[in-house]
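User: I am new to this structure and would like to go through it in questions and answers. Please show it to me before we begin.

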Amino acid sequence: MTEPGSTAPTYPLPVRIAGTGSYLPEKVMTNHDLELTVDTSDEWITSRTGIRERRIAREDEFTSHMASEAAKRALEQAKIDPADIDLIVVATITPDTLTPATACYVQQQIGAFKSVAFDVSAACSGFLYAMELARHAVGAGAFRNALIIGAEKLSAFVDWNDRNTCVLFGDGAGAAVLVPSTNGGGRILSSCLGTDGAQAELLNIPGGGSACPSTPGCTPTKTATLAMQGREVFKHAVNAMRKASTDGIAAAGLTIQDIDLIIPHQANLRIIDAIVERLDFSRENVFINLDKYGNTSAAAVAIALDEAHRQGRIKPGDKVLLVAFGAGLTWASAVIEW
Ligand code: ACO
């Protein structure tokens with residue numbers, strides 16, 4: 001009930017990011033390490049992708065563990081107790097188990113027992129899909145706050161004998177806490193999401209699901225490892241991320257000149273360069289960390305957002321464009337006023 005004399009809130013409420021966090025496993029795998037196991041070279045990987053090394057989770061370190069560590073750091077920064085979290089959305093294509101959702105393990109691990117918790121599967125766009133769902137859930141007043149996480153243990157779903165894919169991916173997690181934005185103080189201005197299911201075959205994990213289960217008595221004909229038509233994916237990635245960027249900026253009522261920082265999906269430096277050129281944007285104002293972590297799918301934008309924030313690359317009032325692309329095919333953007 002509204003107190004006498006106070007103004008009733010007007011829904012939907014604007015929503016802001018109150019804290020970010022990330023976690024990367026300790027183990028570093030360099031391009032030179034990969035030279036010892038597959039027919040590749042540091043020169044090939046660096047010149048074709050920009051990736052120099054990636055992090056690999058321990059055998060007993062699952063997606064939920066990395067997600068929980070990132071979540072704790074984001075909650076600490078937001079000064080919110082896990083017990084006060086209403087909603088947890090984990091974006092992942094490498095869940096601990098097919099069911100229950102990885103978000104349920106995270107809820108248990110961080111002690112967010114009052115929260116509703118579930119996963120979204122939208123590959124590299126997953127964190128931005130989660131952000132858009134959570135923005136509407138919090139903005140509508142259905143939940144007081146939300147913890148969104150992008151987390152992946154891709155090393156468990158990569159064929160380490162396939163040089164076309166194994167050099168590209170890494171493990172890690174990133175998180176953000178969303179709350180209503182009162183008294184100004186920044187807000188998510190716009191978001192654009194898209195999906196093209198007709199291109200589902202370009203990038204998938206063909207085995208391990210109901211189409212090719214690994215249940216007793218059933219011989220799986222397809223492996224549960226990432227398969228990708230790299231060249232085709234590359235072309236779609238450039239077009240989709242450029243369009244998601246321009247649509248997101250227009251939906252926010254802005255132009256590219258208003259954007260202070262772009263945080264793109266960290267898949268390939270050549271993809272990022274192609275987008276930045278098409279947007280006519282300064283490369284200096286693009287956040288890049290794929291040289292250290294490779295492609296961590298749903299975690300990539302989340303980790304980059306946290307690093308950019310903690311390194312002081314985002315200042316109050318800055319307008320930040322997040323943009324991603326992944327299996328599905330899916331794409332997404334969000335424009336945030338910090
Ligand atoms: N080391 C050495 N040679 C290699 C390697 C390697 N690791 N991998 C491939 N090659 C070879 C190929 O076999 C090919 O040889 P060939 O000409 O004798 O057949 C040659 O290098 C060129 O291969 P291309 O596929 O044409 O290389 P390209 O320049 O396209 O780069 C890459 C490949 C890096 C995969 C690129 O296409 C790419 O980044 N695609 C997009 C990936 C992406 O963005 N994914 C995002 C979504 S991920 C998700 O949703 C989980």
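User: Which helix gives the most to the shell around the ligand?

Analyst: This is a predicted model, in which local features need pLDDT of at least 70 and side-chain atom pairs count only at pLDDT 80 or more, while totals for chains, interfaces and linings use all residues. Residues are numbered from 1 along each chain as its sequence is written, and side-chain values use heavy atoms, with hydrogens and water left out. Helices H2 (42-49), H6 (163-166), H7 (230-251) and H8 (269-279) each supply at least two residues of the shell, helices being DSSP runs of H or I with at least four residues, and strands runs of E with at least two, numbered from the N terminus. The helix that gives the most, with four residues, is H7.

User: Why does the ligand lie between two domains, and which are they?

Analyst: The domain bounds come from an automatic or database domain assignment. Both domains give residues to the shell around the ligand, so the ligand lies between domain 1 (15-180) and domain 2 (187-337).

User: What distance separates a polar side-chain atom of arginine 231 from an oxygen atom of the ligand?

Analyst: Arg231 is among the residues that come nearest to the ligand, as are Thr40, Arg48, Cys124 and Asn268. For arginine 270, a polar side-chain atom lies 3.3 Å from a ligand oxygen, and for alanine 327 a backbone N or O atom lies 3.0 Å from a ligand oxygen. For arginine 231, the distance from a polar side-chain atom to an oxygen atom of the ligand is 2.6 Å.

User: Where is leucine 329, and what is the omega of the peptide bond that leads to it from glycine 328?

Analyst: Leucine 329 is placed in the loop between strand E12 (319-326) and strand E13 (330-337). The peptide bond that joins glycine 328 to leucine 329 is cis, and its omega is near -10 degrees.

User: What is the phi of aspartate 280, and where is this residue placed?

Analyst: Aspartate 280 is not a glycine, yet its phi is positive, at about 60 degrees. Its place is in the loop between H8 and helix H9 (290-293).

Technical notes. Near = heavy atom within 4 Å. Polar contact = N/O pair within 3.5 Å; in protein donor to acceptor, adjacent residues only side chain to side chain.
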